[in-house]
Amino acid sequence: MWYKYLSGFAVVFCSVLLTGALGAAENIVRFRGNAYDLRTGAFVYSENHSAFYRGADHVYSRVSYRDNKGHEF
């Protein structure tokens, strides 16, 4: 009969863990800009931004620059 109490405890414990994990979830906003040569109009590179938010608070950002083949530099 002790297992009835244990399984109830496990369900409550897992629910608390899940709620904590969902509360700490981050939202990510991504946007990209392209750079072009002014004389030729040829694509030069892309600037790729990722802004990370926890709730309404901006936590940090990442920016990567990529050439015309998608390689980061």
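These legends walk you through a few close-up views of a predicted model.

**View 1. The whole chain follows the pattern α-β-β-β.** Here you meet one helix and three strands (DSSP runs, H or I of at least four residues for a helix and E of at least two for a strand, numbered from the N terminus). Of the 73 residues, 11% are buried (under 20% relative accessible area, with exposed over 50% and partly exposed in between, using a 1.4 Å probe and protein chains only). Residues are numbered from 1 along each chain as its sequence is written. Local features need pLDDT of at least 70, side-chain atom pairs count only at pLDDT 80 or more, and totals for chains, interfaces and linings use all residues, while side-chain values use heavy atoms, without hydrogens and water.

**View 2. Tyr 45 and Phe 73 form an edge-to-face aromatic pair.** Their ring centres lie 6.1 Å apart, with 90 degrees between the planes (rings of Phe, Tyr and Trp, its six-membered ring, pair with centres within 6.5 Å; planes under 30 degrees apart are stacked, over 60 edge-to-face, the rest tilted). The pair joins Tyr 45 in strand S2 (residues 43-54) to Phe 73 in the segment after S3, 28 residues apart. Tyr 45 is partly exposed at 27% relative accessible area, whereas Phe 73 is exposed at 60%. Ring pairs also bring Tyr 65 into a cluster with Tyr 45 and Phe 73.

**View 3. Phe 52 and Tyr 60 make a stacked pair.** Their centres are 4.4 Å apart and their planes meet at 10 degrees. Phe 52 is buried, at 6% relative accessibility, and its partner Tyr 60 is partly exposed at 30%.
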